[in-house]
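Colleague: Thanks for sitting down with me. Could we go through this one together, question by question?

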Amino acid sequence: MAQNYTEPSKKIYWKDYVKNIPDDDYFFFRSCIRQTFFPGAEQAFLFILKNHLHKNYFDDPRLTTCTGIGYHSDIIPLETLHTLIARHFSIMNESGYSNLIISCVTTFGVMTEVLNTWHEFPETLEKTRKNLLKTTGRTFELPKAIAHASDIIYLYKDEIGKQLVYQLVNKETSEPLKVVDHVGCHYSKIFPHHGIGGAEFPKVLSEIIKAWGGEVIDYPERRHCCGFGFRQYLIKESRGYSLSHAQIKFESMQPYHPDFILTNCPGCNMFMDRWQYVIQETAGKVYSSDGNGIPVLSYEELAALLLGYDPIQIGLFMHQTEVLPLLEKLGIQFDKNEYSKLRAESHHNTKISR
Amino acid sequence: MKKIAVIGGGIAGLEVSRLLLQEGLPVTLIEKGSRLGGNLRNYAHLFPDFTPSDEILGNYRFLPSNSDLQLLMNTQIESIDFSTQPYTLHSKDGIAIPADPLIIATGYQVFDAKLKEEFGYGIYDGVITSVELEKMIKQHHIVTPYGKIPRRIAFIHCVGSRDAKVGNSYCSRLCCITAIKQAIETKKLLPETEIFCFYIDLRMYGLTFEELYLNAQKEYNIQFVRGRLSETSEMIDKRLIIKAEDTLIGRPLQMKADMLVLMVGMEASDFSKQFAYHNGLEIGDHGFFQPLNQFNARSKSQKEGIFFAGTSIGPMSVAETIEHARAAALSAISYLKDKEY
């Protein structure tokens with residue numbers, strides 16, 4: 001097939017790059033927004049860690065925001081950001097953990113930026129130590145390892161692969177499903193060495209797709225931003241920029257007829273999902289031939305789904321773009337009536353008036 | 001065995017050998033490959049006047065038959081023993097070669113364009129290097145990997161040059177004028193093809209280079225865009241999409257092209273770097289051999305009896321390489337004369 005991604009036959013330098021991903025004893029840092037929009041995603045990750053990979057983790061309720069959204073919108077000063085991150089590290093120290101695992105790509109970007117700032121400008125680290133001590137009485141040490149939650153799924157993709165109940169294969173045609181990966185900008189575009197595969201061809205998701213039987217689609221705007229862009233969306237006047245950037249991506253991937261989009265970032269997941277709906281309602285444009293749009297899943301939702309978790313349990317009915325056609329392609333067994341009922345309840349009154 | 005040793009059978013090594021032989025001095029010329037001529041053999045024509053490279057190489061065709069020349073092909077030198085007089089070169093195959101003096105003419109290699117992953121070389125078939133285009137020009141046959149005549153070609157200047165990200169902060173000097181030469185040659189072969197050159201700035205340092213640049217615009221309608229490439233992608237029909245910024249109008253630019261030619265810069269060869277490292281020879285910040293100074297001892301090394309010729313000390317054109325090789329030969333002759341007294 002001409003449109004297939006032909007990576008294996010060619011040499012890609014970053015492909016050889018593997019960062020150090022801790023293999024156990026994780027201190028889990030949640031996202032602020034995920035549990036509101038995609039409530040099952042983080043829980044699915046923890047289920048997989050506990051029940052399928054038998055890993056030890058700690059989900060500390062004392063953690064708060066990383067301030068990433070405020071920081072990138074220029075309303076949180078740098079010193080405040082540094083002090084808040086230092087508090088999180090202090091709590092991690094107190095819990096006896098040193099492997100920080102982050103759910104959100106924005107947080108991952110913030111944490112890596114702060115750590116690199118402290119490394120490059122040691123005086124900022126000293127100042128942060130003083131600020132934290134003065135405001136909270138706390139001290140802190142830096143994490144020994146830092147990884148994004150998708151790195152953990154990448155690390156154990158083969159182990160998870162052995163336990164899969166379903167493969168990324170169309171049940172009717174036995175063909176591999178065509179998957180578009182979208183890796184959050186702050187995962188590796190800020191510091192390429194912190195991401196699996198670097199900034200240009202991050203492979204954290206594409207290798208997962210391949211390991212579980214799917215086919216990765218390379219398309220022209222693969223590296224383009226999902227449109228979130230923080231200020232682009234958060235300042236209402238510039239929200240059109242957000243939408244138009246998401247549109248660029250959808251237009252670019254449409255000719256390849258992807259079966260779904262896989263993301264590793266809460267923001268990307270939300271915008272790829274919600275903006276399809278907005279474009280459909282405002283411009284009447286749908287990017288899939290079945291009229292439903294292209295479903296958007298996160299890596300944990302996908303892992304849980306293929307491991308046999310109930311789509312209702314992992315909250316897939318909360319997605320704006322309908323996931324049902326994908327579930328049917330995969331041949332997943334679940335209570336469709338209950339799913340449809342919950343979907344109708346969660347999506348009532350969301351029609352946009354033109 | 002003869003005493004004067006020259007490592008490298010490219011034009012620098014050939015020119016040094018030619019001059020020394022002309023002076024009646026016996027030479028051992030050592031080449032790691034199976035053919036003489038080095039990188040010049042990859043070129044069809046030379047800037048700025050489109051002289052066929054074969055014409056330059058032809059000047060050395062009788063050299064191998066000179067009875068004072070000992071030619072060692074397929075021979076890779078690994079180490080120098082400085083404790084002997086003369087010095088002794090040891091090859092990978094265990095051959096010992098006396099060297100007094102030694103002239104190092106180990107040349108350059110082109111930048112590995114795969115390191116600029118965002119440009120898509122080695123990923124998308126339509127992305128080629130200037131070396132690969134030159135081969136097509138030599139065969140008078142420029143086609144896309146899919147056998148079609150390219151309707152639009154984009155040349156990208158400074159690939160692996162002036163780029164701190166890949167560790168090469170220096171200018172390779174020759175890529176700008178080579179791009180113009182290749183663009184004109186391509187246009188001559190494919191008059192209907194649109195050609196765009198993306199540059200940082202154009203360094204037309206030679207006496208007639210500026211005229212060639214103007215001619216490329218006026219006579220051949222080659223378009224020049226001041227801006228670096230940020231990303232290459234492939235469309236479903238295998239054509240390429242490139243993104244750049246046109247820095248003269250201050251706007252981002254997106255363009256479709258059938259072929260992308262990456263103007264790969266010159267780097268110190270891996271062999272030179274390893275050879276220098278293992279034998280205690282000094283290399284400069286950019287990986288090339290470090291001459292004694294940059295003014296009147298550009299062919300001398302820090303070590304007595306060791307000289308440099310050609311692009312082993314940095315990027316040079318063919319003309320500059322030949323001149324530098326002559327300077328190295330002259331330095332070697334002076335060194336031998338001084339020893340006699």
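Colleague: Let's start with a single side chain: is Arg231(A) buried, partly exposed or exposed?
Modeller: Happy to, and keep in mind that this is a predicted model. The relative accessible area of Arg231(A) is 39%. Buried would need under 20% and exposed over 50%. Because 39% falls in between, Arg231(A) is partly exposed.

Colleague: Which residue does Arg231(A) meet in a salt bridge?
Modeller: The two partners come from distant parts of the chain, 157 residues apart. Arg231(A) sits in helix H11, while the other residue belongs to the loop between H3 and helix H4 of chain A. With N to O at 3.6 Å, the partner is Asp74(A).

Colleague: And is Asp74(A) buried or exposed?
Modeller: The cut-off for exposed is over 50% relative accessible area. Asp74(A) has 60% relative accessibility, so the class is exposed.

Colleague: Where is Pro77(A) placed, and how far is Pro77(A) from Thr65(A) in space?
Modeller: Pro77(A) is in the loop between H3 and H4 of chain A, and is partly exposed at 48%. Pro77(A) and Thr65(A) are twelve residues apart in sequence. From C-alpha to C-alpha, the distance in space is 14 Å.

Colleague: Which residues form a nonpolar patch on the surface with Ile69(A)?
Modeller: Ile69(A) lies in helix H3 of chain A. Patch members need over 30% relative accessible area, and Ile69(A) has 32%. Together the patch has about 200 Å² of accessible area. The other members are Leu234(A) and Ile235(A).

Colleague: How many residues apart in sequence are the parts that Asp181(A) and Arg222(A) tie together?
Modeller: These two form a salt bridge, with the closest N and O atoms 3.0 Å apart. Asp181(A) is in strand S5 and Arg222(A) in the loop between strand S6 and H11, so the pair connects parts whose separation in sequence is 41 residues.

Colleague: Are Asp181(A) and Arg222(A) buried or exposed?
Modeller: The limit to keep in mind is under 20% relative accessible area for the lower class. Asp181(A) and Arg222(A) both belong to that class: buried.

Colleague: Over in chain B, which residues share a salt-bridge network with Lys116(B) and Asp163(B)?
Modeller: Lys116(B) and Asp163(B) themselves meet in a salt bridge at 2.8 Å, N to O. Each sits in a loop of chain B, and the pair ties together parts 47 residues apart in sequence. Lys116(B) is buried at 6%, and Asp163(B) is buried at 4%. Through shared partners, the network also takes in Glu118(B), Lys165(B) and Arg228(B).

Colleague: What area is buried between chain A and chain B?
Modeller: On the chain A side 17 residues are in contact, and on the chain B side 20. The count of salt bridges between the chains is two, one of them joining Lys243(B) to Glu221(A) at 2.4 Å. Carbon and sulfur atoms give 47% of the buried area, which is about 1,600 Å².

Colleague: Last one: over which residues of chain A does pLDDT stay under 50?
Modeller: Chain A has a mean pLDDT of 92, with 93% of its residues at 70 or more. Where pLDDT is low, the predicted coordinates should not be read in detail. The model has 23 contacts beyond four places in sequence for the stretch you ask about, which is residues 1–11.

Key:
Residues are numbered from 1 along each chain as its sequence is written. Chains are lettered from A and ligands numbered from 1 in the order in which they are written. This is a predicted model: local features need pLDDT of at least 70, side-chain atom pairs count only at pLDDT 80 or more; totals for chains, interfaces and linings use all residues. Side-chain values use heavy atoms; hydrogens and water are left out. Patches are made of residues with over 30% relative accessible area and no salt bridge: like charges are joined within 9 Å, nonpolar side chains (Val, Leu, Ile, Met, Phe, Trp, Tyr) within 5 Å. Accessible areas come from the Shrake-Rupley method with a 1.4 Å probe; for residues, only the protein chains shown count as cover. A salt bridge is a side-chain nitrogen of Lys or Arg within 4 Å of a carboxyl oxygen of Asp or Glu. Helices (H or I, at least four residues) and strands (E, at least two) are DSSP runs, numbered from the N terminus. Buried means under 20% relative accessible area, exposed over 50%, partly exposed in between (1.4 Å probe, protein chains only). pLDDT is the predictor's confidence in each residue, from 0 to 100. Contact means heavy atoms within 4.5 Å. Buried area is the accessible area (1.4 Å probe) that two parts lose on being put together, summed over both.
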